[in-house]
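Me: Take a close look at the largest pocket for me, please, and then work outwards from there. Which residues lie nearest its centre?

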Amino acid sequence: MPLDPEISAWLRLSVTPGLGGDGLRRLLAAFGDPSRVLAASRGALAQHVGDAIAVAVRENRNAEGLAKAEAWLEDPANRVLTLADPRYPPRLLEIPDPPPLLYAKGSIEHLSRPALAIVGSRNATAQGMANAEAFARTLSDAGLAIVSGLALGADTAAHRGGLAGASGSVAVLGTGADIVYPARNRALAHQLAEQGALVSEFPLGTRPLSGNFPRRNRLISGLALGCLVVEAAADSGSLITARLAAEQGREVFAIPGSIHSPLAKGCHALIKQGAKLVESARDILEELQIPAPALSTPAAAAEIDASARGLLAALGDELCDRDTLATRCGLPPAELSALLTRLEIDGEIATLPGGLIQRVRR
C-alpha cells in the first residue's frame, strides 16, 4: 500500500542529515507543515536552518533512510506518530522540545495512558531489582503504565513488573526502533512490543551512541506523571532523568537505602533536594491522588525453620560479611554456609560483590 504523502513528507524531513528535531520544529513554525517546508526555496529554508541543511532538505540527501522507514511501516505493528497526529502522546506536548516524529512499535494507546517512570542503576542490587519489580507491578495494577529505558538492572525489573500488572509498560529507546539495545533484553523487547510499546525519536538504524541516552531520558520523564528512582550512585544517569522530570513539572520520588551503600547516594541526594521519600507504592499513589488497588492475599510463604529465622534476624537490613554474621549467629562455618546457600536459592538473601550478604525483602 502506498504511504500517505503527508507521512512521507514528515519522514523525509526527519531523516535529513543534520536537521534534527530542533531544526525541524523551526521549519514547521516558519512554514506550517512538512509539505510547505519541502516546497520552500533553498534561500527561504536557509534563513532558518542554514544553507548546508537547506541544500540537504531540497536534495533529499537520505533517500535510503526514507526507503528504510517506508519499508518498516509495512509491518502493521509499526507506527509513526507526528506532532500533527491526534494520537501523539499528550504529555509530550507539555515538554519544551517534543520530538516532531516518533517511531512506535506495539500498542500506541500505552503512550497516552497515565504513567509513572521508574529508573535506577544498571548494576542494581538484588533488593533494588525486587523493589523495582514490586513497585512497578503494584503501580501498574493501580492504572499506571510503567515507563523506563530498557537498560539492564532496575529498568529491566521495572518493565517486568509493569507487564505483570494490568497497565503494561513502555520502553523509550536510545536507538532506532529497529534495534534492541542491550541485546540481552531482546526477549523483553519482544514482550513489550506484544503487551506494551517501544518508542524512539531516532531514525531507524541509529546505533546506541552515548549522546542519545540523555535525550532519551527526557522522553521517559515526559511521558509520565512522575519519576521514581529506585537505586542510583552519586553520578548515575538516573539522576538526569530525575532532574528532567523536575524541570518538566513532574513529581520526583526516591527510595532510601543504607547510608553505607554507594547505590543509595543518588537517592539520598534527591531526597535532600526535595524528592518525596517513598517506602511503598501507596506513597506514590497518594501523592498522585490515585486510588490504591485492592491487594490480593499472597499465598502462604514456605515454612522457614528456626535457624533460618535466626539468621535473617541477625542479618537485618544492613550489608554483612560472613565472619560477622557467623559471630552474630553462633553457627559453625559448615552449617552457616549450607543455610546461606538455601536462603539464596529461596531468594531470601543475595550475595554482593566482595562477599557481602544482603537480605531481600519482598
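**The largest pocket and its surroundings**

Reply: Q127, G128, A130, N131 and R361 lie nearest the centre of the largest pocket, and the full lining comes to 44 residues. A pocket here is an open set of points on a 1 Å grid over the protein atoms alone, with protein on both sides within 12 Å along at least five of seven lines, and a lining residue has an atom within 4 Å of a point. This is a predicted model, where local features need pLDDT of at least 70 and side-chain atom pairs 80 or more, though totals for chains, interfaces and linings use all residues. Numbering runs from 1 along each chain, and side-chain values use heavy atoms, without hydrogens or water.

The volume of the largest pocket is about 1,100 Å³, counted as the space filled by probe spheres set on points joined across faces, edges and corners. As for who builds the wall, α7 (126-141) gives the most, with 10 residues. Alongside α7, each of α8 (154-164), α13 (281-287) and β11 (357-359) puts at least two residues into the lining. (Helices are DSSP runs of H or I, at least four residues, and strands are runs of E, at least two, numbered from the N terminus.)

Now follow α8 away from the pocket. G162 sits in that helix, and its relative accessible area is 0%, so it is buried (under 20%; over 50% would be exposed and in between partly exposed, with a 1.4 Å probe and protein chains only). Beyond four places in sequence, G162 is in contact (heavy atoms within 4.5 Å) with A136, R137, S140, I146, G168 and S169. For a sense of scale, D317 is 155 residues from G162 in sequence and 26 Å from it in space, C-alpha to C-alpha.

Next, the enclosed space. A cavity is a set of points where a 1.4 Å probe fits but cannot get out, and the count comes to one of 30 Å³ or more. The largest cavity has a volume of about 40 Å³. Its lining takes in G149, L150, V172, L173, G174, T175, Y181, F213 and R216.

T175 from that lining is worth a stop. You'll find T175 in the loop that runs between β5 (169-172) and α9 (186-195). Even in a loop, T175 counts as buried, because its relative accessibility is 2%. Past four places in sequence, T175 touches Y181, S200, F202, T206, R207 and P208.

Then there's α11 (residues 238-247), where S238, L239, T241, A242, L244 and A245 are buried. Those buried residues pack against a mix of partners: β3 (115-119), α10 (212-222), β7 (226-229), β8 (251-254) and α12 (265-272). After α11 comes G249, with a positive phi near 80 degrees.

Zooming out, the chain has 16 helices and 11 strands, and 51% of its 362 residues are buried. Its C-alpha trace spans about 85 × 35 × 35 Å along the principal axes. Of the contacts with a separation of 6 or more, 67% join residues 24 or more positions apart.

How far to trust it? Mean pLDDT (the predictor's confidence in each residue, from 0 to 100) is 91, with 96% of residues at 70 or more. Residues 296-303 stay under 50, and the model gives that stretch one contact beyond four places in sequence. Where pLDDT is low, predicted coordinates shouldn't be read in detail.
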